[in-house]
Protein chains: 2
Amino acid sequence: MKSSFEFRLEKKSGRGRTGLVTTAHGSIQTPAFMPVGTQATVKAMLPESVRATGAEIVLGNTYHLMLRPTAERVARLGGLHRFMNWPGPILTDSGGYQVMSLAGLRKITEEGVAFNSHLDGSKHLLTAESSTEIQRLLDATISMVFDECTPYPATRDQAQQSMLRSLRWAKRSRLAFDPRAGYGQFGIVQGGIYPELRLESAAAQLEMGFEGYAIGGLAVGEGQEIMFQVIDQTEPHLPQDRPRYLMGVGKPPDIVGAVMRGIDMFDCVLPTRSGRTAQAFTRFGTVNIRNARHQDSPEPLDPACSCPCCRQFSRGYLHHLTRSKEILGAMLLTWHNLHYYQELMAGLRQAIREDRLKNFAHDFSLDYGSENEDRSNPGEG
Amino acid sequence: MKSSFEFRLEKKSGRGRTGLVTTAHGSIQTPAFMPVGTQATVKAMLPESVRATGAEIVLGNTYHLMLRPTAERVARLGGLHRFMNWPGPILTDSGGYQVMSLAGLRKITEEGVAFNSHLDGSKHLLTAESSTEIQRLLDATISMVFDECTPYPATRDQAQQSMLRSLRWAKRSRLAFDPRAGYGQFGIVQGGIYPELRLESAAAQLEMGFEGYAIGGLAVGEGQEIMFQVIDQTEPHLPQDRPRYLMGVGKPPDIVGAVMRGIDMFDCVLPTRSGRTAQAFTRFGTVNIRNARHQDSPEPLDPACSCPCCRQFSRGYLHHLTRSKEILGAMLLTWHNLHYYQELMAGLRQAIREDRLKNFAHDFSLDYGSENEDRSNPGEG
């Protein structure tokens with residue numbers, strides 16, 4: 001007997017929450033970080049290794065999967081869980097964000113988005129209905145409504161028009177969604193940086209009654225301060241008894257700040273992508289292992305980390321692997337980064353349970369700056 | 001107390017042999033296949049995964065390692081075993097074969113080979129003495145003498161001049177070798193396709209008294225028939241109480257045929273390189289998983305194989321990964337291929353112990369052809 005889709009709030013610390021999402025494919029402790037498995041694989045990781053880092057849910061990309069291997073083929077091969085050997089929960093995005101990023105290759109109408117495949121130029125139309133159907137074929141545990149990610153910056157009028165279109169698409173997505181025990185569909189709150197638009201978007205979608213709510217349109221260049229402002233203005237309008245998901249976020253300090261503002265779920269390509277570009281996340285900030293200062297170091301990335309990368313290899317060896325463009329470098333750094341992110345989430349959950357989230361965040365920010373080599377603008381996760 | 005370097009012959013079946021090489025870093029059951037770890041990593045594999053396939057020894061490349069990260073840096077970081085986290089035996093080649101392949105970038109003299117690095121163009125000189133010293137710095141369990149790999153085809157005179165130079169270099173390599181308990185140095189028999197030259201090369205090196213003997217200059221385009229002829233003519237002149245190593249071989253049928261001719265050790269990039277180009281080795285021959293016939297297959301590569309690739313994933317998924325150029329495709333196929341090679345070696349050892357090597361080879365050749373998609377010239381391992 002499959003369990004129903006539920007969110008149980010366990011404990012709060014300030015506005016930070018810890019809880020449990022139960023689904024047809026197992027449960028997810030929140031706050032949760034979802035590694036990104038774009039093309040039905042979390043890049044450079046065996047699924048069992050992803051699980052070993054502590055991840056309980058992964059994300060798949062509708063846009064990529066609909067083109068290759070196609071949703072129909074995934075369905076024939078038993079659904080995404082069996083296909084990629086990840087029996088746990090999977091969330092899929094709607095494809096909207098990615099098709100809208102295809103500058104010059106797509107056209108947006110009220111019906112949906114017509115676009116040309118980046119693989120072979122073939123023509124496709126993605127709509128609220130077809131996105132929802134594709135996610136059903138993929139057997140996504142959590143489907144997302146088809147929405148328009150409002151660009152940043154946008155005028156109030158642009159943000160409003162975009163938000164209203166997203167609302168119409170959300171309604172169509174909900175109608176197209178096939179409710180099954182243990183499966184859920186999340187709405188997505190849009191509205192740019194305009195509080196009253198965010199409120200309107202949230203209220204309308206609460207009426208549609210989704211199993212969870214995402215905050216969309218952030219981590220698109222607005223910076224951490226504005227992102228936190230928008231969360232502060234939006235979060236009070238989201239129900240306590242549903243999970244909240246901040247899409248595409250982010251850097252560790254973004255996640256800590258968002259958890260303090262009541263967010264439960266996150267996804268981001270940073271830990272995996274950085275693992276393939278020699279950047280490691282540690283308690284002390286980011287480390288670029290290609291930097292020559294590591295070439296003779298017998299020390300691990302982080303002596304206190306229990307991941308295979310840190311237990312078995314030196315910075316000198318990791319430096320060599322990345323300089324030599326060896327696949328093992330990507331494998332080890334990806335593993336370490338995902339392990340780091342999951343340890344961070346476990347630490348946040350524990351701090352909330354013990355009602356010391358503020359102290360945790362304070363200690364985190366002191367440590368995180370101490371070795372940080374990352375000089376780029378925060379919030380662009 | 002480190003054990004001495006020894007070879008104990010356990011059993012013969014025809015001319016096929018099974019035995020045990022004991023070294024300072026552990027023992028090696030023979031016949032043995034050595035995965036190639038060119039740049040201090042068996043590409044796309046964690047060392048523990050290499051071990052899990054059954055491999056007991058890996059190979060490192062002096063040429064690549066002397067350039068990056070350099071032998072001195074490997075030594076400072078504790079030697080190659082600690083550097084790459086492979087505590088077991090490691091054999092290193094002399095670098096000779098690879099510098100001589102640098103067409104246009106190298107010059108051979110009696111002293112050695114002057115060459116320009118393929119990485120940055122920097123000038124280097126590799127000699128019998130420096131090659132031996134580099135291998136010592138790397139902490140190779142088994143070092144190889146610095147030799148000249150006679151090209152194929154070569155006239156008798158060319159093959160003789162080359163073989164005689166290799167003998168002079170072998171003598172210098174032996175003098176430069178620092179004998180330590182549990183470490184060994186192997187001579188390399190050259191002589192092209194000329195039996196009397198092979199005999200002369202073998203006899204001269206037996207006098208120098210190496211811990212093992214390699215047959216070099218094969219798998220360079222001569223084809224399986226000539227390769228087997230040369231082994232047939234050379235093997236009787238090698239001592240029974242030392243391991244014999246056929247360098248750079250090969251395809252599974254080459255290995256089976258060479259084991260029947262008394263060879264104990266092999267190395268080849270085929271299982272690892274093929275793993276990165278979508279080619280899988282199976283009991284039924286090679287399978288190109290990029291072939292469209294696999295795209296809807298829910299079947300594993302080989303239902304009888306116990307590797308993680310075959311236990312957890314379908315051909316359809318592997319097809320998708322390779323089409324999508326995903327790292328996981330290289331990881332899984334490399335793992336499978338190494339597992340297959342090690343299972344083959346274990347099967348050969350068992351067949352020799354039970355004195356049924358001929359039957360094993362017969363059954364192998366019947367099975368191996370049944371799904372083989374490989375149409376390329378055999379023997380070019």
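These are my notebook entries on a predicted model with chains A and B.

**Entry: where the chains touch**

I began with the contact between the two chains. Chain A puts 33 residues into the contact, and chain B puts in 33 residues as well. Which elements of chain A give two or more residues to its side? I found α3 (71-76), α12 (308-312), α13 (315-323) and α14 (327-353) of chain A. The biggest giver on that side is α13(A), with five residues. I also sorted the side of chain A that touches chain B by class, and got 16 nonpolar, ten polar and seven charged residues.

**Entry: α13 in chain B**

Next I looked up helix α13 in chain B, residues 315-323. I wanted to know how many of its nine residues are buried. The count came to eight, so I noted α13(B) as mostly covered. The buried ones are R315(B), G316(B), Y317(B), L318(B), H319(B), H320(B), L321(B) and T322(B). What covers them? The cover includes α4 (80-83) of chain A, along with α14 (327-353) of chain B. After α13(B) comes K325(B), and I jotted down its positive phi, near 55°.

**Entry: N85 in chain B**

I then picked out N85(B), which sits in the loop between α4 (79-84) and β6 (90-92) of chain B. It counts as partly exposed because it has 18 C-beta neighbours inside 10 Å, while 20 or more would make a residue buried. Which residues does N85(B) contact, once I leave aside its neighbours within four places in sequence? I got Q312(A) and F313(A) from chain A, and P47(B) from chain B. I also checked N85(B) against L238(B): they are 153 residues apart along the chain, and their C-alpha atoms are separated by 34 Å.

**Entry: two domains in chain A**

Chain A splits into domain 1 (6-269) and domain 2 (275-368). Taken over C-alpha atoms, the centres of the two domains in chain A are 27 Å apart. Where they touch, 26 residues of domain 1 of chain A are in contact with 27 residues of domain 2 of chain A. On the domain 1 side, at least two residues each come from β1 (6-13), β2 (16-23), β4 (32-35), α1 (47-52) and α10 (252-260) of chain A. Of these, α10(A) gives the most to that side, with six residues. By class, the domain 1 side has 14 nonpolar, eight polar and four charged residues.

**Entry: α9 in chain B and its two partners**

Back in chain B, I followed helix α9 (residues 224-234) and began with its contact with helix α8 (residues 195-208). Their axes come within 9 Å and cross at roughly 50°. That angle makes α8(B) oblique to α9(B). I noted the crossing of α8(B) past α9(B) as right-handed. In this contact, P195(B), R198(B) and A202(B) from α8(B) meet V230(B), Q233(B) and T234(B) from α9(B). The class split for the α8(B) and α9(B) contact is three nonpolar, two polar and one charged.

How do α9(B) and α10(B) lie to each other? The angle between α9(B) and helix α10 (residues 252-260) of chain B is about 20°, with the axes 10 Å apart. The two helices are therefore roughly parallel, as angles under 35 degrees count that way. The crossing of α9(B) past α10(B) is right-handed. Here Q224(B), M227(B), F228(B) and I231(B) of α9(B) meet D254(B), G257(B) and A258(B) of α10(B). I sorted the residues of the α9(B) and α10(B) contact into four nonpolar, two polar and one charged.

**Entry: backbone oddments**

I finished by looking at some backbone angles. In chain B, the peptide bond from T30(B) to P31(B) is cis, with omega near 0°. P31(B) lies in the loop between β3 (26-30) and β4 (32-34) of chain B. Y152(B) and P153(B) are also joined by a cis peptide bond, with omega about 0°. P153(B) is in the loop between β10 (142-144) and α7 (156-176) of chain B.

In chain A, I noted A44(A), which is not a glycine but has a positive phi of about 70°. Its place is the loop between β4 and α1 of chain A. Is A44(A) buried or exposed? A44(A) counts as buried, because it has 25 C-beta neighbours inside 10 Å. T70(A) is not a glycine either, and its phi is positive, about 90°. I found T70(A) in the loop between α2 (62-67) and α3 of chain A. T70(A) is partly exposed, with 15 other C-beta atoms within 10 Å.

Conventions. Residues are numbered from 1 along each chain as its sequence is written. Chains are lettered from A and ligands numbered from 1 in the order in which they are written. This is a predicted model: local features need pLDDT of at least 70, side-chain atom pairs count only at pLDDT 80 or more; totals for chains, interfaces and linings use all residues. Two residues are in contact if their C-beta atoms, placed from the backbone, lie within 7 Å. Helices (H or I, at least four residues) and strands (E, at least two) are DSSP runs, numbered from the N terminus. Ala, Val, Leu, Ile, Met, Phe, Trp, Tyr, Cys and Pro count as nonpolar, Asp, Glu, Lys and Arg as charged, and the others, Gly among them, as polar. Axes are lines fitted to C-alpha atoms, for helices over the stretch in contact, and angles run from 0 to 180 degrees between N-to-C directions. Angles under 35 degrees count as roughly parallel, over 145 as roughly antiparallel, 65 to 115 as roughly perpendicular and the rest as oblique. A crossing is left-handed if the near helix is turned anticlockwise from the far one by less than a right angle, and right-handed if clockwise. Domain bounds come from an automatic or database domain assignment. A residue is buried if 20 or more other C-beta atoms lie within 10 Å of its own, exposed if 12 or fewer, and partly exposed in between; C-beta atoms are placed from the backbone.
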